[in-house]
Amino acid sequence: MLEIKGLSKRYGETVALDRADISLDFGEIHTILGENGSGKSTLVKLLSGIVSPDAGEIMLSGEDITGRNPAAFQEKGFATVFQEVLVAPDRNVIDNILLGYDDLWRRRTARRDRATLAAQTLKEFAVTEAPLEEPAGRLPLAAQQLVVIARALVRKPQILILDEATAALDFADREAVFDLMRRLAADGCLIIFITHRMDEVMSLSNKVTVLRSGRVVTTLRREELEPEKLLALMAPEMAGVEE
Ligand SMILES: Nc1ncnc2c1ncn2[C@@H]1O[C@H](COP(=O)(O)OP(=O)(O)OP(=O)(O)O)[C@@H](O)[C@H]1O
């Protein structure tokens, strides 16, 4: 179980995350839903070790991992795919997928095995083919994002965080990633999913935590999810207002 207790982060006067309490279980797709500025990305950065909280705790299966650095989070099995497509443009697809991989496991993967591993990992979910020897920066943006998702996947994460990570993908690849998410969750992986799209929230989530102005409003289980209810929780001032 991943437990977030009283987690807070401020930037100057702005309280980006305010005493957030969230319990997340292995084997679930747990969506974080909220309007722009509600604190979703801040939570993702805290769970990736990119920023440290001002208060609160992150507990992984009873172990306090608060404030550790990104490498430590990765060693604990966290992998994050951010909305911005982050490839090393001049390195080929294989190098991009295995970026940091050997450092993480403190080993050296042979050149031939690297190509096989990269190809297998892409094959697990990608519909569009990414040419392995091509510099990643030359690929279309959607293919670049597949490479970044493969980079997370190759590490066999126990906690996979997808922060609007499918937004750049074509329909078929997006659906393939959703299937992958369901498979990984069924195998016991915790998927933390950030999306704006209500259809994705409804079809994928086992649980949804709603954030508003940096605060956790509530966490709902799958059987409690209704789009209107979620919208009203995200932005009560907009509820009932026709667009
Ligand atoms: N580096 C920063 N410096 C100053 N303020 C920040 C910083 N990062 C986030 N904030 C502020 O913290 C609040 C929460 O931002 P955050 O990016 O976490 O929200 P979000 O829900 O991810 O929004 P979006 O959907 O637009 O990405 C916002 O008011 C934002 O302006």
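In what order do the four strands of the open sheet stand, and with what pairing? The order is 2-1-4-5, and the pairing is antiparallel. The tour below returns to this sheet after a view of the whole chain, which is a predicted model.

**Whole chain**

Begin with the complete chain in a cartoon representation. Its secondary structure amounts to nine helices and ten strands. Along the principal axes, the C-alpha atoms occupy a box of roughly 55 × 40 × 35 Å. The radius of gyration is 18 Å, which agrees with the value near 18 Å that a compact globule of 243 residues would have. If the chain is coloured by burial, 38% of its 243 residues count as buried. Of the contacts with a separation of 6 or more, 67% are between residues 24 or more positions apart.

**The open sheet**

Select strands 2, 1, 4 and 5, the members of the open sheet. Strand 2 and strand 5 (63-64) form the edges, each pairing on one side only. As background, the strands of a sheet are held in pairs by backbone hydrogen bonds, in a parallel or an antiparallel sense.

Next, restrict the selection to strand 1 (residues 2-11) and strand 4 (residues 55-60), which run antiparallel and are joined by five bridges. Two positions help to fix the register: Leu2 is opposite Leu60 of strand 4, and Ser8 is opposite Ala55 of that strand.

From Leu60, move to strand 5, where Glu63 stands opposite. Strand 4 and strand 5 run antiparallel and are joined by two bridges. The two strands form a hairpin with two residues between them, and Ser61 in the turn has a positive phi of about 45°. For comparison, a negative phi is found in most residues other than glycine.

**The ligand shell**

Now select the ligand and the residues around it: Tyr11, Thr14, Ala16, Gly34, Asn36, Gly37, Ser38, Gly39, Lys40, Ser41 and Thr42. Two elements, strand 2 (14-24) and helix 1 (40-46), each contribute at least two residues to this shell. The largest share, three residues, belongs to helix 1. Coloured by residue class, the shell shows eight polar residues, two nonpolar ones and one charged one.

Keep Ser38 of the shell displayed and add Ser213. The C-alpha atoms of Ser213 and Ser38 are separated by 4.5 Å, although the two residues are 175 residues apart along the chain. Ser213 is located in the loop between strand 9 (207-212) and strand 10 (215-221). With 14 other C-beta atoms within 10 Å, Ser213 is partly exposed. Its phi is near 50°, a positive value in a residue other than glycine.

**The nonpolar core**

Hide the ligand and select the largest nonpolar core, which has 64 residues; Val147, Ile149, Leu160, Ile191 and Ile192 touch the most other members. Helix 6 (residues 141-153) supplies the largest share of this core, eight residues. Centre the view on Ile192. Beyond residues up to four places away in sequence, Ile192 touches Leu24, His30, Ile32, Leu47, Ile159 and Ile161.

**Strands 6 and 7**

From Ile159, one of the contacts of Ile192, proceed to its bridge partner Phe78; Ile159 lies in strand 7. Strand 6 and strand 7 (residues 159-163) pair in the parallel sense over four bridges. Show the side chains of strand 6 (residues 78-81) and rotate the view: which residues lie on each face? Phe78 and Thr80 are on one side, Ala79 and Val81 are on the other, and all of them are buried, so that both faces are covered.

Follow strand 7 to its end and select Glu164, which lies in the loop between strand 7 and helix 7 (171-186). Glu164 has a positive phi, near 50°, and is not a glycine. Is Glu164 buried or partly exposed? Glu164 counts as partly exposed, with 18 C-beta neighbours inside 10 Å.

**A buried loop residue**

Finish at Leu139, in the loop between helix 5 (111-123) and helix 6. Leu139 is buried because 21 other C-beta atoms lie within 10 Å. Leaving aside residues up to four places away in sequence, Leu139 touches Ala130, Glu134 and Gln144. As a last distance to display, choose Leu139 and Val93: 46 residues apart in sequence, they are 9.2 Å apart in space, C-alpha to C-alpha.

Key
Residues are numbered from 1 along each chain as its sequence is written. This is a predicted model: local features need pLDDT of at least 70, side-chain atom pairs count only at pLDDT 80 or more; totals for chains, interfaces and linings use all residues. A nonpolar core is a set of buried Ala, Val, Leu, Ile, Met, Phe, Trp, Tyr and Cys residues joined through C-beta atoms within 7 Å. A residue is buried if 20 or more other C-beta atoms lie within 10 Å of its own, exposed if 12 or fewer, and partly exposed in between; C-beta atoms are placed from the backbone. Two residues are in contact if their C-beta atoms, placed from the backbone, lie within 7 Å. Two strands pair if DSSP finds at least two bridges between them. The radius of gyration is taken over C-alpha atoms; the globule rule is 2.2 Å times the number of residues to the power 0.38. A residue is near a molecule or strand if its C-beta atom, placed from the backbone, lies within 6 Å of it. Ala, Val, Leu, Ile, Met, Phe, Trp, Tyr, Cys and Pro count as nonpolar, Asp, Glu, Lys and Arg as charged, and the others, Gly among them, as polar.
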